[in-house]
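Hi,

Here is the structure I promised to pass on. Have a look at it first, and then read my notes underneath.

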Amino acid sequence: MPVTNKQKYVLALDLGTTGNRAILFDKNGELVGQSYGELMQYYPHPGWLEHDPLEIWHDTRSCMEQVLRSTGVSPQEIAATGLTVQRETCLLWDKTTGEPLHKAIVWQDRRTAQKCRELSEKGYAEKIQETTGLVLDAYFSASKLAWLLDWVKQNKPEVNLDHVLAGTIDTWILWNLTGRRVHATDQSNASRTMLMNLGTHDWDPELLDLFTIPRHFMPEIRPSLGDFGTIDEEILGTEIPIRAIFGDQQAALYAHGCNQKGMLKCTYGTGCFLISQSGQELTRSRNQLLSTVAWSEANGGKPTTNYALEGAMFTTGACIQWLRDGLKLIKSAPETEILAREVENTDGVYFVPALSGLGAPHWDMSARGAFVGITGGVQREHMVRAVLESIAFQVKEVVDAMNKDSETPISLLKVDGGASQNNFLMEFQADVLGIPVERPAILDATAQGAAFGAGLAVGFWDDYEELVGKRKRDRSFIPSKNQKQAQEDFLMWQKAVSRAKNWVE
Ligand code: G3P
């Protein structure tokens, strides 16, 4: 379907860990309207986290309807849709009823840590890393899908397994958006399941066997920029082509224009994800980073795949949310900046943001969060500042790992995501890294990436470089005279991290 003159917008659906969003972008790549709904987090046991898949689907629908209503844009004016999602979170559902068989298990959930340890003891870690580029960890979908299947067998023996479908959130939403016609995923999301073979870009039979996942559960893997069918007419009153799917971190990489080897970005979302483009050749890390798919393109039947190196840190926005909703130390996220500036330092307090264990470069599923160094004079402001500083310290560890993996040290950090709005955090980040940090005007790079991919795939835009070149910069943060102190504090923080490791069995 060629794009018509009437079609002036591209719709991005950005389904993240803490909330779902629909955003409209115009021909200039500018945001024209958005609708957002926060997502309920279910914590049934310590270390477990679930989402309600039906809530995600209903919120997706209502965000789409709401953004159209608030902007006065009609569905016929939309040239294409792009979908980007929180990665690794997965579920099983019955294709005959459309009902999920259990809540979705979220990427931060640690319930399968023991299973992963057992596999590691049996010597599977190397094979898994070789095949999938990933570290054997409960973060990824494979052990979660195995847990879900066991649960269904034990608790719902009446379920006919021939009717069961599996998927990450993109697959679940795509299946619903297309009127239950398309059961597919893209390579960037598939590469996070720990079941995709990076060499064949298909499900690996040995890994499916190892995790006891029947092949017929699994969606078809398609290129990220390609044909995923259309939004069913029933939903918005007209069919809209779905032409891009990305994992959210890969979408942000795409939006930042990082298409050349070594170009990288860091997204401060629920977690923090530093990703560096490695081009069309797979790069392996020697420093506990992940090799993963950046994106792939259909290219009229000659698909190409771009790879990336990634440092995944699990707790960023999540620890600010915990300060607000758990500890009730703050009323809103922006308040952290005001409080952090009210004190000169943390008064010797260090925070280890291991609320869901530690990701790169430690990969310690049994680490837990900790405040260390508290004395009687410590106040709320010091604790809040310690939490913000810990986010920057984590990023410093991953930047150091990336530098060890590459010949050219990182000289500029491009950032985005909600927590990058925090000026204190960005100033401190530049200090602790000793390099400039650059923030764009539109922080929703994930949604922008999905929109750019879909719009380019249908010919709404023609030139990727031109499109990403139009993105405006908001501010650069240059290392200040405080950098020496920040870098010294980093060494103390690493000591605190060593205390929080191997905490639970
Ligand atoms: O790997 C998890 C990641 O995709 C979650 O992203 O933006 O929800 O923190 P976000």
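Below is what turned up, sorted by topic.

One thing to keep in mind throughout: this is a predicted model.

**Salt bridges**

There is plenty here, with a count of 27 salt bridges. As you know, side chains of opposite charge can pair when their charged atoms come close. Let me take you through a few.

Asp-109 pairs with Arg-111, and their closest N and O atoms sit 2.8 Å apart. Both ends are tucked away from solvent: Asp-109 is buried at 0% relative accessible area, and Arg-111 is buried too, at 11%.

Next comes Glu-310, which meets Arg-192 in a salt bridge at 3.0 Å, N to O. This one links distant parts of the chain, since Glu-310 belongs to strand β18 (residues 304–313) while Arg-192 is in the loop between α6 (187–190) and β10 (196–197), 118 residues apart. Glu-310 and Arg-192 are both buried. The two also belong to a network of salt bridges, in which they are linked with Arg-87, Glu-88 and Asp-248. If you open the model in a viewer, try showing those five side chains together.

For a pair with some solvent access, look at Asp-202 and Arg-215, whose side chains form a salt bridge (3.2 Å, N to O). Asp-202 is in strand β11 (residues 202–203) and Arg-215 is in the loop between α7 (205–210) and β12 (220–222), so the bridge ties together parts 13 residues apart in sequence. Asp-202 is partly exposed, with 29% relative accessibility, and Arg-215 is partly exposed as well, at 46%.

**Cysteines**

How many disulfides are there? The count is 0. Two of the cysteines show why. The closest cysteine sulfur to that of Cys-272 belongs to Cys-266, and at 3.6 Å it is too far for a bond, because a disulfide needs the two sulfur atoms within 2.5 Å. Cys-258 also has Cys-266 as the home of its closest cysteine sulfur, but there the separation is 11 Å, again too far for a bond. As for solvent, Cys-258 is buried, with a relative accessible area of 1%, and Cys-272 is buried at 0%.

**A charged patch**

Which residues make up the negative surface patch? They are Asp-462, Asp-463, Glu-465 and Glu-466. Asp-462 sits in the loop between α14 (445–458) and α15 (464–469). Its side of the story on solvent is clear: Asp-462 is exposed, with a relative accessible area of 74%.

**Backbone oddities**

The loop between β19 (350–352) and β20 (370–372) is where you find Pro-361. The peptide bond leading from Ala-360 into Pro-361 is cis, with omega near -5°. Trp-363 is in the loop between β19 and β20 too, and its phi is near 50°, a positive value in a residue other than glycine. Is Trp-363 buried or exposed? With 10% relative accessibility, Trp-363 counts as buried.

Arg-180 also has a positive phi without being a glycine, with a value near 65°. You'll find Arg-180 in the loop between α5 (169–177) and β9 (184–186). In contrast to the buried Trp-363, Arg-180 is partly exposed, at 42% relative accessible area.

Cheers

Definitions and conventions. Residues numbered from 1 in each chain as written. Predicted model: local features only at pLDDT ≥ 70, side-chain atom pairs only at ≥ 80, totals over all residues. Heavy atoms only, no water. Buried < 20%, exposed > 50% of the residue type's maximum accessible area, 1.4 Å probe, protein only. Patch = residues over 30% accessible without salt bridge, like charges linked within 9 Å, V, L, I, M, F, W, Y side chains within 5 Å. Areas by Shrake-Rupley, 256 points an atom, 1.4 Å probe, with all protein chains shown as cover. Salt bridge = Lys/Arg side-chain N within 4 Å of Asp/Glu carboxyl O. Lys, Arg positive; Asp, Glu negative; His and termini not counted. Charge placed at Lys NZ, Arg CZ, Asp CG, Glu CD. Helix = DSSP H or I, 4+ residues; strand = E, 2+ residues; numbered from the N terminus.
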